[in-house]
Amino acid sequence: MRPARARIDLDALRHNYALTRQRHGSRTLAVIKANAYGHGAIECARALEEIADGFAVAIVEEAVQLRESGIRAPILVLEGVFDAEDLALATRHGLWLVVHQEAQLRMLEEEHHPDALKLDVWLKLNSGMNRAGFEPSSYRGAWERLRACRGIGEIVLMTHLAQADEPDSAATTRQIALFDTATSGIPGARSIANSAGVLSWTAARRDWGRPGIALYGADPMPDEANALRPVMTLESEIVGVREIAAGAAIGYGARFIAERPTRVGLVAMGYADGYPRSAPDGTPVFVHGVRTRLIGKVSMDMLTVDLTAVPTAGIGSPVELWGTNVSVNEVAQGAGTIAYELLCNVKRVRLVYQ
């Protein structure tokens, strides 16, 4: 088989969850939306179910997939429901729902009338991201309407941080203060902290944490050395070797032109597998135990690396694109994106769990 694969270290996943929960100091939902950021939601949920306080996903379909695979832990749907069919599914599967807009609130008022099962709801405040959530002026009224709805159980008060990964920004302090003011006097558990909030903002740690990217070892605060362990190693092998002369070009568009005689390794990995086409020459690659570099544009199915300083490497030599020896954050920065996008874009390669 083609040697490209993503190796998923479930022990590292459990380590990262335990670290974030300990740091947060209270109940913590493991965010496994978008197929667990490309790591496989079902497998990750099974690995965490015995230690996690619950899970969070983006949409009802993701939650139903987990329920149908046997996951019985609490599952929060972060985008809430879009229509009555979504609401019926959520009720049937015992899901927790975020309510972040008027249409969702009206749906609960008009459509949700269960005889026995109480639906737990997380009511979202817009504290500054200006993407989703009730405005501070209407938040208490939304809470009162929810309390009046038949069949509503616990109401958790929540917001989402926009700049928690920027430690020098005052935005997070303003968001926390606004949340506290808007929710003052309203009973119920609170939830503010995402990954960066859990790791770096003591004031954001409340009754529920919601770490996402930190679970997968891509530290949102890499300068703080938070002892997270990478969960995914994207790897392949050298499948071809050639020598090119100084002045020779490699790949589409002749972006890389050799300044000296260069030994080139061909790797079975491309942008159709999720490796970023925008990665520049010089992006680090770990080959046969040596850190070397990408040279030439990434193709759909292949990329090329500099083996000049790795004379022992040849066909079959292992290649790490990111993982323990090359940080996914480093690759993302060079490609002009973020680790979230790289991990979520991994496809076609085999996921191998250990």
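Is Trp208 buried or exposed? Trp208 is buried, with a relative accessible area of 4%. Keep in mind from the outset that this is a predicted model.

## Aromatic pairs

Trp208 has company. Its ring pairs with that of Trp122, and this is among 6 aromatic pairs counted in the model. The two ring centres sit 5.7 Å apart and the planes meet at 55°, so the pair is classed as tilted. To be called edge-to-face, the planes would have to be over 60 degrees apart, and to be called stacked, under 30.

Where do Trp122 and Trp208 lie? Trp122 belongs to strand β7 (residues 119-125), while Trp208 belongs to strand β10 (residues 208-209). That is why the pair ties together parts that are 86 residues apart in sequence. Trp122 is buried too, at 1% relative accessibility.

There's also a cluster made by ring pairs: Tyr37, Tyr216 and Tyr340 are linked in this way. Two of those names, Tyr37 and Tyr340, come back when we get to the pockets.

## Helix α1

Now for helix α1, which runs over residues 10-24. Does its length agree or disagree with what you'd expect for 15 residues? Counting 1.5 Å a residue, the helix should span 21 Å, and its end C-alpha atoms are 21 Å apart, so the two agree.

At the start of α1, Asp9 reaches in: one of its side-chain oxygens comes to within 3.1 Å of the backbone nitrogen of Asp11. Just after the helix, Gly25 takes a positive phi of about 85°.

Which residues of α1 are buried? Leu10, Ala12, Leu13, Asn16, Tyr17, Leu19, Thr20 and His24 are. Arg14 also has its place in α1, but this residue counts as partly exposed, at 29% relative accessibility. If you'd like a distance to check in the viewer, the C-alpha atoms of Arg14 and Val349 are separated by 23 Å, with their positions 335 residues apart along the chain.

## Two residues with positive phi

Most residues other than glycine have a negative phi. Here are two that go the other way.

Asn35 has a positive phi of about 55° even though it isn't a glycine. You'll find Asn35 in helix α2 (residues 33-38). With 39% relative accessibility, Asn35 counts as partly exposed.

His288 is the other one, with a positive phi near 50°. This residue sits in the loop between β15 (284-287) and β16 (290-293). His288 is partly exposed as well, its relative accessible area being 35%.

## The pockets

How much space lies in the largest pocket? About 910 Å³. The second largest pocket has a volume of about 300 Å³. Here they are next to each other:

| Pocket | Volume | Lining residues | Nonpolar | Polar | Charged |
|---|---|---|---|---|---|
| Largest pocket | about 910 Å³ | 34 residues | 19 residues | 8 residues | 7 residues |
| Second largest pocket | about 300 Å³ | 21 residues | 7 residues | 7 residues | 7 residues |

Begin with the largest pocket. Nearest its centre are Lys33, Tyr37, His160, Asn194 and Tyr340. The elements giving two or more residues to its lining are α2, α9 (195-200), α10 (328-335) and α11 (339-344). Of these, α10 gives the largest share, 3 residues. Helix α2 is the one that holds Asn35.

Which residues lie closest to the centre of the second largest pocket? They are Arg5, Arg7, Thr233, Glu235 and Glu320. Strands β1 (5-8), β11 (232-244) and β18 (318-322) each supply at least two residues of the lining. The largest share, 4 residues, comes from β11.

## One more stop: Ala164

Finally, take a look at Ala164. Its place is in the loop between β8 (152-159) and α8 (171-183). Although it is in a loop, Ala164 counts as buried, at 2% relative accessibility. Gln175 comes 11 residues away from Ala164 along the chain, and the C-alpha atoms of the two are separated by 9.9 Å.

How values were computed
Residues numbered from 1 in each chain as written. Predicted model: local features only at pLDDT ≥ 70, side-chain atom pairs only at ≥ 80, totals over all residues. Heavy atoms only, no water. Phe/Tyr/Trp six-rings, centres within 6.5 Å; stacked < 30°, edge-to-face > 60°. Buried < 20%, exposed > 50% of the residue type's maximum accessible area, 1.4 Å probe, protein only. Expected span 1.5 Å × (residues − 1). Polar contact = N/O pair within 3.5 Å; in protein donor to acceptor, adjacent residues only side chain to side chain. 1 Å grid on protein atoms, 1.4 Å probe; cavity = no way out; pocket = protein on both sides within 12 Å on 5 of 7 lines; lining within 4 Å. Points joined across faces, edges and corners; volume = space filled by probe spheres on them. Nonpolar A, V, L, I, M, F, W, Y, C, P; charged D, E, K, R; others polar.
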